[in-house]
Amino acid sequence: MIIKIGKAEDNDYISDDVYVSRYHARLDRDDTGNLFIEDLDSTNGTFVNGSRIIKKKISPSDVIKLGNQYILNVKEALKFDNDYSDEFAALKSVYDDYIKEKIRIQSSNQFKTRLFQSLPFALVAVAGLVFSFFRKGADGNNGIIVISILLAICIPTIGIYFGAKQSARIPKLLQNISNKFKIDYVCPKCGTFMGEVPWESLVNKKQCPVASCRAKWIGK
């Protein structure tokens, strides 16, 4: 892949900086992924980390200067054709992980809530059997009767309380994962949130709907 850089309109990546030549330099990425920048006999030169070059292998972290002051954003230049298909493909796992976590939280909540609300009634039944056994040898023991009534009232109440408390935690947990999802599930170029639209549905759009962006989500 070769990306021509300069002031002329027929370049792939255009800069209108006064010190950039009409055809200033070009980026070249070979089949193995190595990246090179080559000066095209520009007037004010091309510099890599402060040293003037003719052609040099670079990395996106290097400081590339065209002419006296223009700093080339290599990552941006590599996106000259607005192709963000690789970054968009990575969003599939973001969506899938969000849905899985959302389902896990909701399922866990239902199980724990039902457990908290049902278990006390089972305990009351067991306690009733135990007290019935003791009452056979202690007829007329008002203390046992009172305790049985208190257990029958208190234990279910406690269960309902913890069940409600468990349910109250869920909105916060869901909000937390929703907040992270809104940060991560965005157009890789303009950062617009995709909503909860499934990734597979976004594939059909092929590009960002924002007029000022139009990043390509699906490569050719």
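This report walks through a predicted protein model, from its overall fold to single residues.

## Overall picture

The protein has 220 residues, and 30% of them count as buried. Five helices and nine strands make up its secondary structure. Their order along the sequence is simple to read: β-β-β-β-β-β-β-β-β-α-α-α-α-α.

The accessible surface comes to about 13,800 Å². Carbon and sulfur atoms account for 57% of that surface. Contacts tell another part of the story. Take the contacts between residues at least 6 apart in sequence: 43% of these join residues at least 24 apart.

## Salt bridges

How many salt bridges does a search of the whole structure find? The count is seven. Three pairs are set out here.

| Pair | Closest N to O distance |
|---|---|
| Glu38 and Arg26 | 3.2 Å |
| Glu87 and Lys79 | 2.9 Å |
| Lys102 and Glu196 | 3.5 Å |

Start with Glu38 and Arg26, whose side chains meet in a salt bridge. Glu38 lies in strand E4 (residues 35–39) and Arg26 in strand E3, so the pair ties together parts that are 12 residues apart in sequence. Glu38 is partly exposed, at 21% relative accessible area. Arg26 is also partly exposed, at 26%.

Next comes Glu87, which forms a salt bridge with Lys79. Glu87 has a relative accessible area of 30%, so Glu87 counts as partly exposed.

The pair Lys102 and Glu196 also meets in a salt bridge, at 3.5 Å from N to O. Where do the two partners sit? Lys102 is in helix H3 (residues 91–135), while Glu196 is in the loop between H4 and helix H5 (199–203). The pair therefore ties together parts that are 94 residues apart in sequence. Both residues are partly exposed: Lys102 has a relative accessible area of 24%, and Glu196 has 42%.

Salt bridges can also join up. Lys92, Asp96 and Glu200 are linked in a network of them.

## Two buried acids

Now turn to two aspartates without a salt bridge. Asp62 lies in the loop between strand E7 (55–58) and strand E8 (64–66). Asp62 is buried, yet has no salt bridge. Which side chain of opposite charge is nearest to Asp62? It is Lys56, 6.8 Å away. A salt bridge needs the nitrogen and oxygen within 4 Å, so a gap of 6.8 Å is too wide to count.

Asp62 does have polar partners. Its side chain makes a polar contact with the side chain of Asn49, at 3.1 Å. The side chain of Asp62 also reaches the backbone nitrogen of Ser59 at 2.9 Å. Leaving aside neighbours within four places in sequence, Asp62 is in contact with Val48 and Asn49. Asn49 thus appears both as a contact and as a polar partner of Asp62.

Asp17 is the second case. Asp17 is found in the loop between strand E2 (13–14) and strand E3 (25–29). Asp17 is buried and has no salt bridge. The nearest side chain of opposite charge is that of Lys7, 6.7 Å away. The side chain of Asp17 makes a polar contact with the side chain of Gln69, at 3.1 Å. Not counting residues up to four places away in sequence, Asp17 touches Lys7, Gln69 and Tyr70. Lys7 is therefore in contact with Asp17, with heavy atoms within 4.5 Å.

## Cysteines without a disulfide

A disulfide is a covalent bond between the sulfur atoms of two cysteines. How many does a search of the whole structure find? The result is zero.

Cys187 is in no disulfide, and the nearest cysteine sulfur, that of Cys190, is 3.7 Å away. The cut-off is 2.5 Å, so this pair does not qualify. Cys187 is buried, at 2% relative accessibility. What about Cys190? Its sulfur is 3.7 Å from the closest cysteine sulfur, in Cys208, which is too far for a bond. Cys190 counts as partly exposed, at 33% relative accessibility.

## A proline in a helix

Pro171 has its place in helix H4 (residues 142–184). Is Pro171 buried or exposed? At 52% relative accessibility, Pro171 counts as exposed. Pro171 and Gln106 are 65 residues apart along the chain, and their C-alpha atoms are separated by 9.7 Å.

Methods: Residues are numbered from 1 along each chain as its sequence is written. This is a predicted model: local features need pLDDT of at least 70, side-chain atom pairs count only at pLDDT 80 or more; totals for chains, interfaces and linings use all residues. Side-chain values use heavy atoms; hydrogens and water are left out. Helices (H or I, at least four residues) and strands (E, at least two) are DSSP runs, numbered from the N terminus. Buried means under 20% relative accessible area, exposed over 50%, partly exposed in between (1.4 Å probe, protein chains only). Accessible areas come from the Shrake-Rupley method with a 1.4 Å probe; for residues, only the protein chains shown count as cover. Lys and Arg count as positive and Asp and Glu as negative; His and the chain ends are not counted. A polar contact is a pair of N or O atoms within 3.5 Å; within protein, one must be able to donate a hydrogen and the other to accept it, and residues adjacent in sequence count only if both atoms are side-chain atoms.
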